[in-house]
Amino acid sequence: MAAHADTFSIPTRGKGTYEITERCQQIVRTSGIHTGTATVFVQHTSASLVIYENADPSARTDLHSFFDHLVPEDTPYFVHTHEGPDDMPSHLRMALTRTSEVIPVVNGRLALGTWQGIFLFEHRRAPHTRSIVVSVVGEK
């Protein structure tokens, strides 16, 4: 059993989804692992990860609108707002999604479906730099 881990940063321009599939695939290739799993983890409490449709950008537009509707920034009963009106909503949106994804590695590649991509889901309005950790374990 072999293991490999690496990190990378991704700058965001504020709320939205940012595809990181190729960066994750690059780490899997570098690992030399042929069969196993890759765990992708975001090290933040106001951003998350989603595996989502990567062919039609309108699917992501609908995802963004859905979360804006589900957890609006103007919710009057939020207490944790010292970093602004998007502070608490960003934490809740993160809790409703995930901070990690586990993807099978088959033949040295992420075994994602035809229309699947891995996305960083930025929940804050301001630009941030987000740290991603990818851990790959398996057989070479």
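Helices and strands are taken here as DSSP runs, numbered from the N terminus, and two strands are said to pair if DSSP finds at least two bridges between them. With that in hand, the strand pairings of this predicted model can be followed from one end of the sheet to the other. Thr35, for instance, stands opposite Glu139 in strand E8.

Five strands form an open sheet in the order E1-E8-E3-E5-E6, with antiparallel pairing. Its edge strands are E1 and E6 (109–110), each of which pairs on one side only. Strand E1, residues 2–11, is joined to E8 by 10 bridges, and the two run antiparallel; within this pair, Ser9 faces Ser131 of E8 as its opposite residue. Strand E8 is also joined to E3 (residues 35–42), here by eight bridges and again in the antiparallel sense. At the other end of the order, E5 and E6 are antiparallel partners over two bridges, and Val105 stands opposite Leu110 in E6.

The loop between E5 and E6 holds a backbone feature worth a look. Most residues other than glycine have a negative phi. Asn107, found in this loop, is not a glycine, yet has a positive phi of about 55°. Asn107 is also exposed, because its relative accessible area of 56% is over the 50% cut-off.

A further set of pairings centres on strand E7. Strands E2 and E7 pair in the antiparallel sense over four bridges, and in E7 the bridge partner of Thr17 is Phe121. Seven bridges join E4 to E7, and these strands run antiparallel too; here Val50 stands opposite Phe119 of E7. Strand E7 is mostly covered, with six of its seven residues buried.

Turning to the interior, the largest nonpolar core contains 22 residues, of which Ile20, Val40, Leu120 and Ile132 touch the most other members. Helix H1 (21–31) and strands E1, E3, E4, E5 (100–106), E7 and E8 each supply at least two residues of this core. Apart from this core lies another, made of five residues, among them Val50, Leu63, Phe119 and Phe121. The bridge partners Val50 and Phe119 are thus met again as members of this second core. As for Ile132, its contacts beyond the neighbours within four places in sequence are Asp6, Thr7, Phe8, Ile10, Ile20, Val40, Phe41, Val42, Leu49 and Leu120.

Which residues of helix H2 are buried? They are Ala59, Arg60, Leu63 and Phe67. These four cover an arc of only 95° around the axis, so they sit on the same side of H2. On the other side of the helix, Pro57, Asp62 and His69 are exposed. The 14 residues of H2 reach 20 Å from the first C-alpha to the last, close to the 20 Å expected at 1.5 Å a residue. The buried residues of H2 pack against strand E2 (16–19), E4, H3 and E7.

Helix H3, residues 87–96, is mostly covered as well, since under 20% relative accessible area counts as buried and seven of its 10 residues are buried. The buried set consists of Asp87, Met88, Pro89, Ser90, His91, Arg93 and Met94. These buried residues of H3 pack against strand E4 (47–53) and helix H2 (57–70).

His123 is linked by contact to several of the elements described above. It lies in the loop between strand E7 (116–122) and strand E8 (129–139). Is His123 buried or exposed? Its relative accessibility is 1%, so His123 counts as buried. Not counting residues up to four places away in sequence, His123 touches Lys15, Ser46, Ala47, Ser48, Asp86, Ser90, Arg93, Met94 and Thr97. Ser90, Arg93 and Met94 are among the buried residues of H3. The side chain of His123 also reaches the backbone oxygen of Phe121 at 3.4 Å, and Phe121 is the bridge partner of Thr17 and one of the members of the five-residue core.

Notes:
Residues numbered from 1 in each chain as written. Predicted model: local features only at pLDDT ≥ 70, side-chain atom pairs only at ≥ 80, totals over all residues. Heavy atoms only, no water. Buried < 20%, exposed > 50% of the residue type's maximum accessible area, 1.4 Å probe, protein only. Polar contact = N/O pair within 3.5 Å; in protein donor to acceptor, adjacent residues only side chain to side chain. Contact = heavy atoms within 4.5 Å. Expected span 1.5 Å × (residues − 1). Arc of directions from axis to C-beta. Core = buried A, V, L, I, M, F, W, Y, C linked by side-chain atoms within 4.5 Å.
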